[in-house]
2 protein chains.
Amino acid sequence: MRRSEKVIPVRDQIADQLRSDIISGELAPGNKLNEQGLATRFGVSRGPIRDVILQLTKEGLLVTKSNVGASVNEMLSPSLQNLMVDIRRRIETYAVRQLKGQLADEDFEALDFLLGRFKKAFEVGDFTEVTRADIEFHKFLVDKAGGQDLVNLWYPVVFRMRMNYKRIDTPKDGVAEHQAIIDALRNNDVTSATAALRANIR
Amino acid sequence: MRRSEKVIPVRDQIADQLRSDIISGELAPGNKLNEQGLATRFGVSRGPIRDVILQLTKEGLLVTKSNVGASVNEMLSPSLQNLMVDIRRRIETYAVRQLKGQLADEDFEALDFLLGRFKKAFEVGDFTEVTRADIEFHKFLVDKAGGQDLVNLWYPVVFRMRMNYKRIDTPKDGVAEHQAIIDALRNNDVTSATAALRANIR
DNA sequence: ATATTGTGCATTGTCTACAATTAGACTAGG
DNA sequence: CCTAGTCTAATTGTAGACAATGCACAATAT
């Protein structure tokens with residue numbers, strides 16, 4: 001059976017684009033978002049745009065004031081950033097524990113594929129794509145372990161963390177770290193997997 | 001200066017109502033939500049309703065399938081529930097640490113007031129209101145410590161946890177536990193506050 | 001009889017128009 | 001010069017109409 005050709009709703013595409021813009025720093029904190037402007041930019045009406053703004057607000061990337069509008073949220077305070085790191089580690093540690101002995105060959109293929117994307121993007125120097133591939137790699141594990149429920153919880157944390165990095169931190173060891181995670185999962189070595197995660201999430 | 005009479009947007013009111021319905025069990029898992037139905041029920045158009053559905057979906061209370069609709073999410077698996085409890089404890093522990101020595105008299109007044117609501121609702125047997133007051137009590141602390149950013153993270157966790165209780169667990173020790181939290185905060189005793197939290201969150 | 005295709009209905013997704021609210025400029029008065 | 005008040009333009013919030021999609025059931029063919 002062929003993998004279902006999933007059609008991505010417009011609102012998700014727009015949300016992805018805006019998330020990238022924010023993480024890449026193109027949309028800086030404090031920047032105000034105009035509904036009509038975004039609507040014309042993406043060639044849709046204001047309806048879907050409002051959906052996207054609501055989503056990103058719930059994810060913490062935007063802040064919305066009633067009857068005033070949405071703007072890009074400020075960066076996290078150091079202490080909150082630490083908390084986010086902690087929570088994210090906790091979630092992903094939970095994930096690898098759950099996944100012990102649960103991954104099929106095709107799952108590892110998917111992980112290898114995502115790591116390949118990461119590596120290639122890194123070599124080319126496309127850091128927005130690097131970040132995307134990185135997030136998808138981890139998301140795969142989280143989704144596999146906890147489904148939509150866990151992803152819902154995890155998503156805001158990652159993006160909020162990522163906002164703070166703003167092209168400063170370039171994980172040059174990312175490839176090796178992700179490889180270590182895969183290897184540990186292949187060996188059902190939870191301890192190593194957890195350690196690799198802790199090293200990768202910072 | 002008078003406390004600003006804040007006007008609550010319709011979509012927040014509707015969201016609150018639906019959250020209560022879900023937590024109280026009136027809207028059971030698997031139940032499907034009809035946009036037009038909700039619109040007429042609340043006397044608004046479908047626009048605000050769609051906003052609410054998106055919010056609750058992001059909070060994990062609903063699941064939405066594209067072009068099909070939204071329905072009440074299933075209860076958490078035990079292991080995920082444990083993870084949620086863990087994360088919630090972590091967030092609130094962070095909160096009380098941050099709040100040490102930061103609370104003014106009016107803050108304690110607010111906490112006392114919320115505890116009063118909780119107590120009264122409990123005596124009357126209005127368990128929906130008990131839950132609401134309980135959540136607002138904790139929310140006050142979380143908001144005070146981490147603002148909207150932390151609340152955004154915390155909200156989905158609490159509601160998702162609460163879904164699982166469904167009128168089974170009635171915290172008859174709730175009043176004493178909350179009082180213990182307040183007392184510990186008054187004495188700037190983080191250790192006791194943390195312990196009281198751990199006892200209260202389960 | 002079974003599988004497949006077609007049709008109708010119900011529901012969600014999107015668009016346009018209008019109402020409500022806000023921020024900012026501008027004016028008048030002290 | 002500064003403050004308070006009012007007006008206007010821009011933007012968000014809401015409503016209602018239309019388009020697109022999915023699901024259930026009926027019709028048809030093998």
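Okay, let's start at the DNA: helix 1 (10-24) and helix 3 (46-58) of chain A, along with helix 2 (35-42) of chain B, each give at least two residues to the surface near DNA strand C. Before going on, this is a predicted model, where local features need pLDDT of at least 70, side-chain atom pairs count only at pLDDT 80 or more, and totals for chains, interfaces and linings use all residues. Residues are numbered from 1 along each chain as its sequence is written, while chains are lettered from A and ligands numbered from 1 in the order in which they are written.

A few terms as we go. Helices (H or I, at least four residues) and strands (E, at least two) are DSSP runs, numbered from the N terminus. "Near" is for a residue whose C-beta atom, placed from the backbone, lies within 6 Å of the molecule or strand.

So which helix gives the most to that DNA surface? Helix 3 of chain A, with three residues. There are 17 residues around DNA strand C, and A:V44, A:S45, A:N67, B:E35 and B:G69 come nearest. By class we get six nonpolar, eight polar and three charged; here Ala, Val, Leu, Ile, Met, Phe, Trp, Tyr, Cys and Pro are nonpolar, Asp, Glu, Lys and Arg charged, and the others, Gly among them, polar.

Now the two protein chains. Each of them, A and B, puts 25 residues into the contact, meaning C-beta atoms, placed from the backbone, within 7 Å. On chain B's side, helix 3 (46-58), helix 4 (78-99) and helix 6 (127-165) are the elements giving two or more residues. That side splits into 12 nonpolar, eight polar and five charged.

Next, the sheet in chain B. It's open, with three strands in the order 1-3-2 and antiparallel pairing; strands pair if DSSP finds at least two bridges between them. Strand 1 (32-33) and strand 2 (62-65) of chain B are at the edges with a single partner strand each, so one side of each has no neighbour in the sheet. Strand 2 pairs with strand 3 (residues 69-72) of chain B over four bridges, and B:T64 sits opposite B:A70.

Last stop: how do helix 4 and helix 8 (residues 190-200) of chain B pack? Their axes, lines fitted to C-alpha atoms over the stretch in contact, are 10 Å apart at about 155°, with angles running from 0 to 180 degrees between N-to-C directions. The contact includes B:R89 and B:E92 from helix 4 of chain B, and B:V190 and B:A193 from helix 8 of chain B.

Definitions and conventions:
Two residues are in contact if their C-beta atoms, placed from the backbone, lie within 7 Å.
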